[in-house]
Amino acid sequence: MSHRDKGGDAGPGSEQNGPGGKGGKGGNRGPQAVRAAIVKQGDLHVFLDGLGTVTPVANMLVKPRVDGLLQKVNFQEGQMVRKGEVLAEIDPAPFEATLRQQEGQLMRDEALLNNAKNDLARYRTLLEEASISRQQADTQAAVVAQYEGVVKADRALVDTARLQLSWTRVTAPAAGRTGLRQVDPGNMVRASDASGLVYISQVDPISVVFTLPEAQIPRVAESFRKGNKLSAEAWDRDRKTLLAAGTLTAVDNQVDTSTGTVKLRATFANDKGVLFPNQFVNVKLLADTRQKTILMPVAAIQRGNQGTFVYVIVADNSVSIRPVTLGPVDGDVVAVEQGVAAGDKLVIDGADKLREGAKVEVASDKPEAGARKKGEGRGDGHGKRSDAVAH
């Protein structure tokens, strides 16, 4: 954006420049060399900027579910693991012994149950022949029911023993990247240990939690409630490198009264691992797209006592001051609500000494205009023109 560096805050129509304070009319001064750009009509993306922190979609502490001696650790620190992959192994011998014991108890009680059922069948035959009392038959039926309960309990104990034996192989609860190992093989581990074995962070996809001022939330929330997928971009700390592109997935339900902001969450694909948990990023959220909007370069904007204006180059290569009402900005392009139309030619560089009606010479019309004198041409990579477009 061009600014006035000399002569204070010179507004439109300032007469401080040029011979006799008339901005170059009269005298021997020639046309002022400037660079120009054409006003266009197109679509403008309206972005909202927020500060965010990369946050894993899930962050899980892997803990043993049984107590025992840690025999093996099957992962490397920082390794990507799949869901269900065996991360560590606990000594299974005590659990195998318990399982055999429960299986033996089950076999014994099943044999007792079968014997009781056979006795019950004989008692019912004798009851039909009136050889025994009904009380004896009913008592035997109760014994069968009792053994059936015992067998059912035994089977549950066998299932529990098998489950605990399976827990000696500690598996990944979800796919993700492992952190630093918390315990080494050879140590006793317990299900009650607070430190666990290792953290796993789900980093693909990964999310970014960022904030926006509460005044900007109604526009975002309305579009989000309608089911629109609002695209988001994650940029590095210097806003120079685009790290990833994703979509908005959640809006918090309250305003942080201490900051006047609302938290939002955007989710990004992270197959290359560019985004790292707790990394600081700048987020650009696409809140709206204005179609068929009048667009001009930000470099054309001038500011003075009478407000924001531009220099429009008219047919006779003179400039006319035109007040403008500006809209949203997208990079080096700004929307114009009022003041110029598509096709207008605006001064984007070299406007410091211009005034209403001053003659100009557009650099693109005459390349040598405004060039440096001592061999500083365009193509040598060192002596670039001093009237390059400002951003």
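**Exercise 1: How far can you trust the model?**

Over residues 365–391, how many contacts beyond four places in sequence does the model have, and what does pLDDT stay under? Work this out before reading anything else from the structure.

*Solution.* Keep in mind that you're looking at a predicted model.
- Step 1: start with the whole chain, where pLDDT averages 85 and 85% of the residues score at least 70.
- Step 2: now check residues 1–28, where pLDDT is below 50, although this stretch has 59 contacts beyond near neighbours in sequence.
- Step 3: go to residues 365–391, where the pLDDT stays under 50 and the model has 34 contacts beyond four places in sequence.
- Step 4: draw the lesson: where pLDDT is low, don't read the predicted coordinates in detail.

**Exercise 2: Put a sheet in order**

Find the order of the open sheet of 4 strands, and work out which strands stand at the edges.

*Solution.*
- Step 1: read across the sheet, and you get β6-β5-β3-β8, with antiparallel pairing.
- Step 2: count partners: β6 (169–171) and β8 (188–189) have a single partner strand each, so one side of each is left without a neighbour in the sheet.
- Step 3: zoom in on β8, which pairs with β3 (residues 68–73) over 2 bridges in the antiparallel sense. Here leucine 69 sits opposite methionine 188 of β8.

**Exercise 3: Follow a run of strands**

Trace β10 to β11 and then β11 to β12, noting how many bridges join each pair.

*Solution.*
- Step 1: β10 and β11 run antiparallel and are joined by 5 bridges. One bridge partnership is tryptophan 235 with leucine 242 in β11.
- Step 2: look at the turn of this hairpin, which has 6 residues between the strands; arginine 239 has a positive phi there, near 60°.
- Step 3: carry on to β12, which is joined to β11 by 5 bridges, again antiparallel. Leucine 248 faces alanine 266 in β12.

**Exercise 4: Explore the largest core**

Work out which elements supply the largest nonpolar core, and which of them gives the largest share.

*Solution.*
- Step 1: the core has 25 residues, and those with the most contacts inside it are Phe210, Leu212, Val220, Phe268, Leu275 and Leu285.
- Step 2: list the suppliers: β2, β9, α3, β10, β11, β12 and β13 each give at least two residues. The largest share, 5 residues, belongs to β9.
- Step 3: pick leucine 212 and see what it touches beyond four places in sequence; among them are Leu48, Ile217, Val220, Val262 and Leu285.
- Step 4: don't miss the second, separate core of 18 residues, which includes Phe75, Leu87, Ile90 and Val183.

**Exercise 5: Find the two sides of a helix**

Sort these residues of α3 into buried or exposed: Ile217, Val220, Ala221 and Ser223, then Pro218 and Arg225.

*Solution.*
- Step 1: Ile217, Val220, Ala221 and Ser223 are buried. Seen down the axis of α3, the buried residues fall within an arc of 165°, so they line one face of the helix.
- Step 2: on the other side of α3 you'll find Pro218 and Arg225, both exposed.
- Step 3: ask what covers the buried residues; the cover includes β2, β9, β11, β12 and β13.
- Step 4: step past the helix to glycine 227, which follows α3 and has a positive phi near 90°.

**Exercise 6: Track one aspartate**

Find out what aspartate 204 is in contact with, leaving aside neighbours within four places in sequence.

*Solution.*
- Step 1: place aspartate 204 in strand β9. Its relative accessibility is 37%, so aspartate 204 counts as partly exposed.
- Step 2: its contacts are Ala269, Asn270 and Asp271.
- Step 3: the aspartate 204 side chain reaches the backbone nitrogen of asparagine 270 at 2.9 Å.

Methods: Residues numbered from 1 in each chain as written. Predicted model: local features only at pLDDT ≥ 70, side-chain atom pairs only at ≥ 80, totals over all residues. Heavy atoms only, no water. Pairing = 2+ DSSP bridges. Core = buried A, V, L, I, M, F, W, Y, C linked by side-chain atoms within 4.5 Å. Buried < 20%, exposed > 50% of the residue type's maximum accessible area, 1.4 Å probe, protein only. Contact = heavy atoms within 4.5 Å. Arc of directions from axis to C-beta. Polar contact = N/O pair within 3.5 Å; in protein donor to acceptor, adjacent residues only side chain to side chain. pLDDT = per-residue confidence, 0-100.
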